[in-house]
Every structure is written in C-alpha cells, then in structure tokens.
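User: Please take a close look at the largest pocket and place it within the rest of the chain. How is its lining divided by residue type?

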Amino acid sequence: MGRINMGRVIIGGLAAGLIINVVETIVNMFVIADAMEALVTSLNLQPMGGAAMGGFVALAFALGFLIVWTYAAIRPRYGAGPKTALRAGLAVWAAFYLLGVGANWLMGIAPGHLYLHNLLYTLPMMLAAALAGGMLYREA
C-alpha cells in the first residue's frame with residue numbers, strides 16, 4: 001500500500017472545492033437567499049460580511065481537500081475509479097451535511113424546509129465534486 005500523494009490531493013481538492021464554491025454561491029445567492037435572509041433576521045444576526053464569505057470559501061475548499069483525501073485513503077480497499085470517488089463524496093457529505101447541518105435543524109436553529117433543501121442540493125454537489133477530484137488524483 002502506497003502513501004497518499006498529497007500533491008494530487010491538493011490538485012483534486014482545488015477542483016472539488018471549486019465545484020462546491022460555485023454551486024454554493026449560486027444556491028445561496030439565487031435559490032435560497034430570501035429564506036436565509038429571513039433566518040438571519042429571525043436569529044437577530046447581522047448580515048454576513050466579507051470575512052464570513054471568505055471563511056465559507058475556505059471551508060468549501062477544505063471540504064474539497066477532505067473528499068479527495070478520503071478518496072485516496074479508501075482507494076486501496078475499494079479500487080480506483082468513480083464508484084470509490086462516489087463513496088468518498090457520500091461519506092464526507094453524510095458527516096458534514098447530513099449530520100453537521102442536521103444538528104442545526106435538531107436544535108431548532110434552522111427550519112426543516114431549509115435543512116431538506118440543503119440536503120437535496122448538497123448531495124449531488126458533493127458527488128460531482130468527488131468525481132472531479134477523484135479523476136485528478138493519482139498515486140504517483
């Protein structure tokens with residue numbers, strides 16, 4: 001079993017993170033903008049500024065790196081290819097969105113319809129990011 005090629009994790013992670021950033025930007029600016037604005041107002045929070053936006057961009061790239069690193073880590077067991085990339089994307093999606101974002105719904109911070117909407121767009125987004133990142137990953 002070889003070592004993980006971190007250079008290729010970075011390359012694949014950048015591609016995966018770019019996909020996540022593009023989809024998140026489109027969805028948050030155009031699809032759920034009104035619902036998110038209502039949520040921010042109901043929680044008595046200030047509108048997000050540039051620092052928060054920059055943080056979200058960085059987190060999206062971190063997710064991209066995590067997906068590709070997970071792909072590289074499970075590749076020796078499942079083999080190289082799209083099925084393994086989809087497994088990696090599904091695992092990271094479940095940990096981050098299904099469980100992580102789900103906690104906000106369970107605590108009553110975010111309404112159920114926003115959580116459901118989030119799950120419906122993030123799953124294909126994460127699977128597409130995993131496929132793109134996995135295609136760019138090589139062992140050597």
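Analyst: Burial is graded by relative accessible area (1.4 Å probe, protein chains only): buried is under 20%, exposed over 50%, and partly exposed in between. The model is predicted, with local features requiring pLDDT of at least 70 and side-chain atom pairs pLDDT 80 or more, while totals for chains, interfaces and linings use all residues. Numbering starts from 1 along each chain as its sequence is written, and side-chain values use heavy atoms, without hydrogens or water.

First, the framework around the pocket. The chain contains five helices and zero strands (DSSP runs of H or I with at least four residues, or of E with at least two, numbered from the N terminus). Read from the N terminus, the order of elements is α-α-α-α-α. The C-alpha trace spans about 50 × 30 × 20 Å along the principal axes, and 32% of the 140 residues are buried.

The largest pocket has a volume of about 1200 Å³. Among its 36 lining residues, those closest to the centre are Glu24, Asn28, Met36, Met48 and Phe56. Two or more lining residues come from each of helix H1 (6-31), helix H2 (33-42), helix H3 (50-78), helix H4 (82-106) and helix H5 (112-136). A pocket here is an open set of points on a 1 Å grid over the protein atoms alone, where a 1.4 Å probe fits and protein lies on both sides within 12 Å along at least five of seven lines; lining residues have an atom within 4 Å of a point. Points are joined across faces, edges and corners, and the volume is the space filled by probe spheres set on them.

By type, the lining holds 26 nonpolar, eight polar and two charged residues. Ala, Val, Leu, Ile, Met, Phe, Trp, Tyr, Cys and Pro count as nonpolar, Asp, Glu, Lys and Arg as charged, and the others, Gly among them, as polar.

Nonpolar residues also form a patch on the surface: Leu18, Val22, Ile26, Met29, Phe30 and Val31, with about 620 Å² of accessible area together (Shrake-Rupley, 1.4 Å probe). Patch members have over 30% relative accessible area and no salt bridge, with nonpolar side chains joined within 5 Å. Val31, one of this group, lies in helix H1.

Some residues on the other helices and loops fill in the picture. Leu39, in helix H2, is buried, with a relative accessible area of 13%. Its C-alpha atom is separated by 27 Å from that of Gly64, 25 residues away along the chain. Asn44 sits in the loop between H2 and H3 and has a positive phi of about 60° although it is not a glycine. At 70% relative accessible area, Asn44 is exposed. Trp105 is in helix H4 and is partly exposed at 40%. The C-alpha atoms of Trp105 and Pro82, 23 residues apart along the chain, are separated by 32 Å.

The whole structure has one salt bridge (a side-chain nitrogen of Lys or Arg within 4 Å of a carboxyl oxygen of Asp or Glu). Arg75 pairs with Glu139, and their closest N and O atoms are 3.3 Å apart. This pair links distant parts of the chain, 64 residues apart, with Arg75 in helix H3 and Glu139 in the segment after H5. Arg75 counts as buried at 16% relative accessibility, whereas Glu139 is partly exposed at 32%.

Note on methods: Patches are made of residues with over 30% relative accessible area and no salt bridge: like charges are joined within 9 Å, nonpolar side chains (Val, Leu, Ile, Met, Phe, Trp, Tyr) within 5 Å.
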